[in-house]
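Visitor: I am new to this structure and would love a close look at a single part of it. Could you pick a region and walk me through it slowly?

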Amino acid sequence: MVNPVQTTVTMATFARMAKGQVRFYSAPLDMAIPASKQKYIPTSGTYPKGFSVSGVHVGVKASNTKFPDLALISSDVPCSAAAVFTTNKFQAAPVQVSKNTLQKCQGQGIRSVVINSGCANAVTGKGGLEDAANMVAKVDECNGLDEPSTIVMSTGVIGQRLPISKILDKIPTAHAALEASHDAWLTTARTICTTDTFPKLLSRTFTLPSSSGTTYSLVGMTKGAGMIHPNMATLLGVLCTDAPIQPSALKSLLTHAVSRSFNSISVDGDTSTNDTIALLANGAAGGTPIACDGTNGNNNEDYIAMRDVLTSFAQSLSQLVVRDGEGATKFVTVRVSNATDYASARAIASTIARSPLVKTALYGRDANWGRILCAVGYTPDVAEGVVVPERTSVSFRPVDGSAPLHLLVNGEPEVVDEDRAATILQDEDLEIVVDLGGGKSGLGSEEAIYWFCDFSHEYVTINGDYRT
C-alpha cells in the first residue's frame, strides 16, 4: 500500500530539486562550487614550516562512496597547543577527550589533529568516548608516540556511533599521505566540510618586533554553514603557525582572538555539541618564544603583535562561515558603537544577529529598522543606562563607501528614501550601525561587532531535509 505522506514528501523533494533548492550535505572534491563562492577559494598559499596534512576517504556515511572524510594535520616536531570548545552541556566525545588531553599535557607536546566528517560522535555514551580515544591512540601510534599527543574532532549527525573500525584502518593511510603542498591543504579543508558549499582555507605571513628578519606563517581551515552561534557553533577550526609561542601565551592569545571572531558570528542562533577551535605552534621558523608575562626582552611587544595578527586572521576565517551560511543571500556586519561597556554592546549586537525578524527582513530587502530597534530594546543583561531611546540612532552603511542611510537619529525616525534603501539592500554585503550615543554624552565609547547572514526559504529546505 502506498503511504500518501511519504508520496507527498517525495514529490515535494523532487519539486525542490527542480527548483534547484536541494543542497547536498557533503563537500566532495568534484562538486561544483557555486560561482558566487569561487572567489573565496585560494589558488595558492604560504604555509607554516614543519606542518603537513592529508584527506582520505573512509566512508563514515554509507552514502559516501569516494569522497575524503578523514583529515589529518601533523607537525614534524612537538607543538604548543590550545583550544576553545563549545559551551553546550551535551559535549561530544571528541570534545571531552581533547579537553582531557590538553589538560594532561598542559598544552605541550601535541603533534597532530585528526578530524572525521559525516558523524559527530555526540551523545554516544561511553562507547563514543572509547572511539574518540582510539582515534587518538592510532594517530599517536603512527607518530611513534606512547602518550596522548593528538587532538580529535568530529562533525556530522548527532546521536550515531562512528564506524570506528573503518576509521582506524584508514588512519595509517592518512598518515602515509601527509603532504605540505597547497593542494593537500585545500583537500584537507574540503574533507572536514558537511553542509558547506566551499572549503574555507586561509594563509598569511607576518613578522614580530623581536624577529624582524624572520617571516612567520599562519594557516587556518574551518567548516560550518548551519547551527552557528556562540559559544561557539557547529564549526570546527584548526590554526597552525611556525612562530614560537609558549603554551600559557597560546591559550590567552586564542581566547582573545576567538571572542572577537568565531564567537562573534551567527547564522541561525544554535550552538552545537562539537565546536572546537585549536591552535598549534611548532616554532619551526625560529626566534624567541612569545610569553604573556614579558620576561624575555621584547615579549610584551611580540605578544601584542601576535595577538593582533591572530585576531585579524581569525576574523577573516570566521567570516567565511557566515558567507556560507545555509541558504544565505546576505553578509551583514552589525556594529554597536558608543556604548558605556563592551559586554552590553556585544549582547545587543548578538541579539540583532539572532533576530529572525531582522534576518527575514534583510532577505526580503525590507528596510524595516523597527525590527532592529526592537531587538536592541529587548536585549537581556544590558547594564542600566546603556540604552536610552532619546540618544539611540540606527543607520545602514553601504559597503561602497557612500553616505550612510539614516533610519533613526537620536530616537526620532527619519523619512527613509525607500528607493535608496532598496538599492543598498540589493548588495550581498551590508553594515548596520547602532549608535547608542554614549560618546556624545561622554558616558562611553565601547564598540562591539558581529557578523551574520539572513534567513531565506532555502534555509528551511536545507534543515527540513537534513536527515531525510
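Guide: Here is a walk from one listed site to a covered helix and then to a loop. Please keep in mind that this is a predicted model.

Let us begin with lysine 223, which belongs to strand S6, spanning residues 211–223. An unreviewed UniProt entry lists Lys223 under "binding site", together with Thr194, Thr234, Glu326, Asn463 and Thr468. Is lysine 223 buried or exposed? Its relative accessibility is 1%, so lysine 223 counts as buried, the cut-off for that word being under 20%. The side chain of lysine 223 also has a partner: a polar contact of 2.9 Å links it with the side chain of threonine 155.

Strand S6 leads us on to helix H5, because the buried residues of H5 pack against S6, and also against strands S1 (51–56), S2 (70–85), S3 (110–119), S5 (200–208) and S7 (236–241). Helix H5 covers residues 182–191, and 7 of its 10 residues are buried. Among them are His182, Trp185 and Arg190.

Strand S3 takes us to our last stop, asparagine 121, in the loop between S3 and helix H3 (125–142). With a relative accessible area of 0%, asparagine 121 is buried. The side chains of asparagine 121 and threonine 124 share a polar contact of 2.7 Å. Beyond its neighbours within four places in sequence, asparagine 121 is in contact with residues including Ala92, Pro94, Asp131, Ser154 and Leu162.

Technical notes:
Residues are numbered from 1 along each chain as its sequence is written. This is a predicted model: local features need pLDDT of at least 70, side-chain atom pairs count only at pLDDT 80 or more; totals for chains, interfaces and linings use all residues. Side-chain values use heavy atoms; hydrogens and water are left out. UniProt positions are given in the numbering used here, feature names are shortened, and annotations may be inferred rather than shown by experiment. Helices (H or I, at least four residues) and strands (E, at least two) are DSSP runs, numbered from the N terminus. Buried means under 20% relative accessible area, exposed over 50%, partly exposed in between (1.4 Å probe, protein chains only). A polar contact is a pair of N or O atoms within 3.5 Å; within protein, one must be able to donate a hydrogen and the other to accept it, and residues adjacent in sequence count only if both atoms are side-chain atoms. Contact means heavy atoms within 4.5 Å.
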